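Me: Take a close look at one part of this model for me. I want the surroundings of the ligand, and then how the neighbouring framework is put together.

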Amino acid sequence: MSVVQFEAVGRTFRSGGAEVRALAGVTLQAERGELVAVMGASGSGKTTLLSIAGGLDRADSGRVRVLGEDLGRLSERRLARLRLTAVGFVFQELNLLAELTLEENVALPLEGAGTGRHAARSAARAALARVGLDGTGGRFPDEVSGGQQQRVAIARAVVGDRRLVLADEPTGSLDSDTGAEIMELLRQLCDNGTTVLLSTHNPANADFADRVVHLRDGTLDRIEERAPRTAREDVR
Ligand SMILES: Nc1ncnc2c1ncn2[C@@H]1O[C@H](COP(=O)(O)OP(=O)(O)OP(=O)(O)O)[C@@H](O)[C@H]1O
């Protein structure tokens, strides 16, 4: 079973009298442990694709399956549940809450999904350890670097073993060395079984991908299969 499967997916926005076809007949898939990079010029449909994969927006044609669920058939309530339990989001803007500690920030999605406070905090500490921030849970976002803040955002996306991470330009606000460290981390998560769908303008990020999907004006231009930079031998 693919983690994400798009079959001829379309999405058209209407604002005023104008219509914008953000996606037109896009077919792609991502399997367990794969990092799939979505590339394309500004406005080519990358964010729309990620939003639909994460159930934040709905396709208006075609079929989208996530972890075997046909998103078009899910009620808003079940879609929200899937978002809370199986899917994590990472954005260019970190969206960490300044008044909460790192551990509290990471625990938030679990607490939102109904996990008790103690279990959520303990899962948050485990997620922080997975991103190389063991022991930093009591600090506040403004006490750590931008790269560390992005690691916290990734911990928040994977906490509780979410199987799909949707990352929209996650290195966009970082310098290139820190960006490469974040890509190494995403690659490592994939090698341990997470699936990452990443939108990026940066060809260096695509070097970490198993597959690169090129969008042009909402259509699939081509798909490249890649041998990713990190060795795959350590796949569990
Ligand atoms: N809510 C919306 N209402 C109207 N048009 C929209 C909406 N969301 C996206 N669009 C349009 O759909 C097209 C695709 O947008 P999208 O944000 O998916 O592109 P993108 O590849 O992510 O761009 P960028 O790299 O600049 O983030 C654009 O023409 C955009 O203006």
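Reply: This is a predicted model. Start at the ligand. Around the ligand sit Phe 13, Ser 15, Val 20, Ala 22, Gly 40, Ser 42, Gly 43, Ser 44, Gly 45, Lys 46, Thr 47 and Thr 48. Three elements each give two or more residues to this shell: β1 (4-15), β2 (18-30) and α1 (46-53). The largest share, 3 residues, comes from α1. By class, the shell holds 8 polar, 3 nonpolar and 1 charged residues.

Two of those elements lead into a sheet. β2 and β1 belong to an open sheet of 4 strands, ordered β2-β1-β4-β5, with antiparallel pairing. β2 and β5 (69-70) are the edge strands, and each pairs on one side only. At the β5 end, β4 (residues 61-66) is joined to β5 by 2 bridges. One partnership there is Val 66 with Glu 69 of β5.

Now turn to β8 (residues 195-200). All 6 of its 6 residues are buried, so the strand is largely enclosed by the rest of the structure. The cover is on both faces: Thr 195, Leu 197 and Ser 199 are buried on one side, and Val 196, Leu 198 and Thr 200 on the other.

β8 has parallel partners. β3 (residues 35-39) pairs with β8 in the parallel sense over 5 bridges. Here Ala 37 stands opposite Leu 198. β7 (residues 164-168) also runs parallel to β8, again joined by 5 bridges. In this pairing, Leu 166 stands opposite Leu 197. The link from β7 to β8 involves a helix: β7, α6 (residues 176-191) and β8 make a right-handed β-α-β unit.

α5 (residues 146-158) ties into this region. The helix has 13 residues and reaches 19 Å from its first C-alpha to its last, close to the expected 18 Å. α5 is mostly covered, with 10 of its 13 residues buried. The buried residues include Gln 149, Gln 150, Arg 151 and Arg 156, as well as Val 152, Ile 154 and Val 158. They pack against β6 (87-91), α3 (102-112), α4 (117-130), β7 and α6. Two of those partners, β7 and α6, are also parts of the right-handed unit with β8. Just after α5, Gly 160 takes a positive phi of about 75 degrees.

Note on methods:
Residues numbered from 1 in each chain as written. Predicted model: local features only at pLDDT ≥ 70, side-chain atom pairs only at ≥ 80, totals over all residues. Near = placed C-beta within 6 Å. Nonpolar A, V, L, I, M, F, W, Y, C, P; charged D, E, K, R; others polar. Pairing = 2+ DSSP bridges. Buried ≥ 20, exposed ≤ 12 C-beta atoms within 10 Å, placed from the backbone. Right-handed = clockwise from strand over helix to strand, strands pointing away. Expected span 1.5 Å × (residues − 1). Contact = placed C-beta atoms within 7 Å.
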